[in-house]
Amino acid sequence: MLSLRIFIKNSVKANIPVVTAFHTSSVEWAARKGTREKAKKKKVKVEVKKVGFIPHNQRNKDKLVTSVINKHYDDSWKQTPFDDVYVGRYYKWKVYPFREAVECHRETHHRTMYNVPNASLNVHIELNMVAEKKTRHIENFYRTVKIDHSFDQGVDRQIIVFTKTKESAKEAMAAGASLAGGSELIKDVQNGELQLSDYQYVLAHPEILPELVTLRGLMKKKFPNPKNGSLGVDIPSMVQHFKNGIEYSAIRDENQLDFGLITTSIGTLNMDIEHLEKNLICLLKDIDSVRPKRDGRFITRVLLKSPPSTEQFKIDPFLYVSEIAEKFAAKEDTEAEEKDEEAQAVQ
């Protein structure tokens, strides 16, 4: 450093141009590692996909906003028909008593007309799928309801029963189970000799539940549960429930999330009308048990149909189940009483 200062002083005296800056470190010309690779990756060629000819009426089909018709049919604003002959779309739907609706279907299915006296009587139930929060909706649900009067549904349901005692296994087989047993069946499933996929329903007695837990991964949703009636003490009753019960599914509409539909059969037209009505009551009560805790109707409309006829008769489901949840119905009663008391006080 000392020699450098002397050199600068002498150069100033001798009028020699002075270099004011010196590079004391070596220049790094090499780029950082990975920069060239990143630059190459950025220069990826964009492949243009060739699209074939699209007709003019199919272009931008996803962007079109289609108007969805409200499927919750409301005819409360229409007039009540006062005659036997009228244009249906201008008046309210007639509400038939259950017995009269069945008799009407029997007339059309008589031997002199459709000639199908043992046709199935189907019920078409519309639901309001709004959940407790108005912004949410109920998911699709599938259930099997026990009925008082069984009928031929044209389906042979395979049922397997797990129980410890041989007596209850014999009772299960007598009630209609396809297979019944205890720990030996569990070993057969673990060894792969028995396939649970061959059986629609799996029932069990609570005593064998600790051993059955090892098969929970294989059963998944089929695992016995007391909520749906597949786990209990009364094995014969459980088997009859799933063997002869009515299967139904509530499917939510994709375009209208607050609309759900259930279509199932409650019997045949040649059955006693009282038996058909009891089956309908069992079905409506089971659906009502899934009702969300909110105000308003859950079941909105019920229609009776019987193929091959296209006729459909509207019935009143609120003769069998409550129209509004008990909690909210009590509130309405108290509010009505308070209004009556206020009116009497004013008078």
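1. Which strand gives the largest share of the lining of the largest pocket? It's β2, with five residues. Keep in mind as you look around that this is a predicted model. The lining as a whole takes in 20 residues, and the ones nearest the pocket's centre are Tyr142, Arg143, Tyr201, Lys221 and Asn228. Try picking those out on the structure before you go on.

2. Staying with that pocket for a moment: its space comes to about 630 Å³. Besides β2 (141–145), both β5 (201–204) and α8 (235–244) put at least two residues into the lining. Sorted by class, the lining has eight nonpolar residues, six polar ones and six charged ones.

3. Now step back to the whole chain. The protein has 347 residues, and 33% of them count as buried. Its secondary structure adds up to 10 helices and nine strands. About 24800 Å² of surface is exposed, with carbon and sulfur atoms supplying 52% of that. If you take the contacts with a separation of 6 or more, 68% are between residues 24 or more positions apart.

4. Helix α3 (residues 98–108) is a good place to practise reading a helix. Its buried residues are Phe98, Ala101, Val102, Cys104, His105 and Thr108. Those residues sit on the same side of α3, because they cover an arc of only 155° around the axis. What lies over them? The cover includes the strands β1 (120–128), β7 (259–268), β8 (299–305) and β9 (312–315), along with the helix α9 (273–288).

5. A little further along, in the loop between α3 and β1, you'll meet asparagine 115. Asparagine 115 isn't a glycine, yet its phi is positive, about 60°. As for accessibility, asparagine 115 counts as partly exposed because its relative value is 43%, and partly exposed covers the range between 20% and 50%.

6. Next, the loop between β3 and α4 (166–175), where threonine 165 lies. Threonine 165 is partly exposed, at 39% relative accessible area. Its C-alpha atom is 9.5 Å from that of isoleucine 208, although the two are 43 residues apart along the chain.

7. Which residues of α4 are buried, and which are exposed? Ser168, Ala169, Ala172 and Ala175 are the buried ones. Looking down the axis of α4, you'd find them within an arc of 125°, so they line one face of the helix. They pack against β3, β4 and α8. On the other side of α4, the exposed residues are Lys166, Glu167, Lys170 and Ala174. Right after the helix comes glycine 176, with a positive phi of about 125°.

8. Helix α5 (residues 183–191) can be read in the same spirit. Leu185, Ile186 and Val189 are its buried residues. Their arc around the axis is only 100°, which puts them on the same side of α5. Among the elements covering them are β3 (159–162), β4 (179–181), α6 (209–212) and α7 (216–219). Turn to the face pointing away from the buried side and you'll find Lys187 and Asn191 exposed. The residue following α5 is glycine 192, and its phi is positive too, near 90°.

9. One more residue of α5 deserves a look: glutamate 184, which lies in this helix. Is glutamate 184 buried, exposed or partly exposed? It counts as partly exposed, with 45% relative accessibility. From C-alpha to C-alpha, glutamate 184 and lysine 164 are 9.8 Å apart, with their positions 20 residues apart in sequence.

10. Two backbone details to finish. Lysine 220, in the loop between α7 and α8, has a positive phi of about 55° without being a glycine. Lysine 220 counts as exposed because its relative accessibility is 65%, and exposed means over 50%. Then go to the loop between β8 and β9, where proline 308 lies. The peptide bond leading from proline 307 to proline 308 is cis, and its omega is near 10°.

Notes
Residues numbered from 1 in each chain as written. Predicted model: local features only at pLDDT ≥ 70, side-chain atom pairs only at ≥ 80, totals over all residues. Heavy atoms only, no water. Buried < 20%, exposed > 50% of the residue type's maximum accessible area, 1.4 Å probe, protein only. Helix = DSSP H or I, 4+ residues; strand = E, 2+ residues; numbered from the N terminus. Arc of directions from axis to C-beta. Contact = heavy atoms within 4.5 Å. 1 Å grid on protein atoms, 1.4 Å probe; cavity = no way out; pocket = protein on both sides within 12 Å on 5 of 7 lines; lining within 4 Å. Points joined across faces, edges and corners; volume = space filled by probe spheres on them. Nonpolar A, V, L, I, M, F, W, Y, C, P; charged D, E, K, R; others polar. Areas by Shrake-Rupley, 256 points an atom, 1.4 Å probe, with all protein chains shown as cover.
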